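Work through the exercises below with the sequence and the coordinates at hand. Each task is followed by a solution in steps.

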Amino acid sequence: MRAFNEPTLTSLTSIIPIQGWQEFLKDGNGYLRTANGAYLNGNKRFTTGILYNIIAMAIEKFVMAALMRHGTMPYNHTMIDLVEAMEDTFPGAIADIRKGLLQLDSYQDICDPYDFTIIEPGWDEIPAMLALATKLQTLVQDDLTINT
């Protein structure tokens, strides 16, 4: 007999994708392309705060594409919720970028409009954020290629 909290395993063949996951992947690619281009071209209209938010949107879109493709959704859209959903759905897949993804939540906490935090990252922090998003993009695209 199975314990109440013990997870059950589901065959990938029985998973029904949530419609629209392809749009999330497309949007994630677009956000990451925009952030990379703005950073590499030194476009000063894109402040570090704007780049952070574009990169975070790319990451969120990649996570949503992967989860929706596998018929599931995160509890919420904070980075910790996105990471937990990825870990539940793809155990071990993001282990090497987990810490970096969670670190992104330290720059912005805007859930409570009366007690929020916004910290502008330094220019020297943007390449690591872009690398995180690129690594996640690769993981998600590889998974979608293998399991589509």
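Helices here are DSSP runs of H or I with at least four residues, strands are runs of E with at least two, and both are numbered from the N terminus. The model is predicted.

**Exercise 1. Determine the span of helix α1 and describe what follows the helix.**

Solution.
- Helix α1 covers residues 21-40, which is 20 residues.
- From first to last C-alpha, α1 reaches 29 Å, close to the 28 Å expected at 1.5 Å a residue.
- Just after α1, G42 has a positive phi of about 65°.

**Exercise 2. List the buried residues of α1, then account for the class of A38 and describe its surroundings.**

Solution.
- The buried positions of α1 are W21, L25, G28, N29, G30, L32, A35 and A38.
- A residue is buried under 20% relative accessible area. A38 counts as buried because its relative accessibility is 6%.
- Beyond its neighbours within four places in sequence, A38 is in contact with N43, F46 and L51.
- L51 is 13 residues from A38 along the chain, and their C-alpha atoms are separated by 8.0 Å.

**Exercise 3. Compare the span of α2 with its expected value, and state how far the helix is covered.**

Solution.
- The 22 residues of α2 should span 32 Å at 1.5 Å a residue.
- The end C-alpha atoms of α2 are 31 Å apart, so the span agrees with the expected value.
- α2 is mostly covered, with 19 of its 22 residues buried.
- G71 follows α2 and has a positive phi, near 75°.

**Exercise 4. Describe the largest nonpolar core and the elements that build it.**

Solution.
- The largest nonpolar core has 36 residues.
- Those with the most contacts inside this core are I55, I59, M86, L101, L104 and L136.
- The elements giving two or more residues to the core are α1, α2 (48-69), α3 (79-89) and α5 (126-147).
- α2 gives the most, with 13 residues.
- Take L101 as one of the residues with the most contacts in the core. Outside its neighbours within four places in sequence, L101 is in contact with I59, M79, V83, I94 and L132.

**Exercise 5. Is T89 buried or partly exposed, and which residues does it contact?**

Solution.
- T89 is found in helix α3.
- Its relative accessibility is 28%, so T89 counts as partly exposed.
- Leaving aside neighbours within four places in sequence, T89 is in contact with L67, H70 and T72.
- M73 is 16 residues from T89 in sequence, and the C-alpha distance between the two is 9.6 Å.

**Exercise 6. Locate a nonpolar patch on the surface and place one of its members in the secondary structure.**

Solution.
- I110, F116 and I118 form a nonpolar patch on the surface.
- Together, these residues have about 310 Å² of accessible area.
- I118 lies in strand β2, residues 117-118.

**Exercise 7. Summarise the protein as a whole: elements, burial, contacts and surface.**

Solution.
- The protein has 5 helices and 2 strands, and along the sequence they follow the pattern α-α-α-α-β-β-α.
- Of the 148 residues, 37% are buried.
- Among contacts with a separation of 6 or more, 65% come from residues 24 or more positions apart.
- The exposed area of the protein is about 9,100 Å², and carbon and sulfur atoms supply 56% of it.

Notes:
Residues numbered from 1 in each chain as written. Predicted model: local features only at pLDDT ≥ 70, side-chain atom pairs only at ≥ 80, totals over all residues. Heavy atoms only, no water. Patch = residues over 30% accessible without salt bridge, like charges linked within 9 Å, V, L, I, M, F, W, Y side chains within 5 Å. Areas by Shrake-Rupley, 256 points an atom, 1.4 Å probe, with all protein chains shown as cover. Salt bridge = Lys/Arg side-chain N within 4 Å of Asp/Glu carboxyl O. Expected span 1.5 Å × (residues − 1). Buried < 20%, exposed > 50% of the residue type's maximum accessible area, 1.4 Å probe, protein only. Contact = heavy atoms within 4.5 Å. Core = buried A, V, L, I, M, F, W, Y, C linked by side-chain atoms within 4.5 Å.
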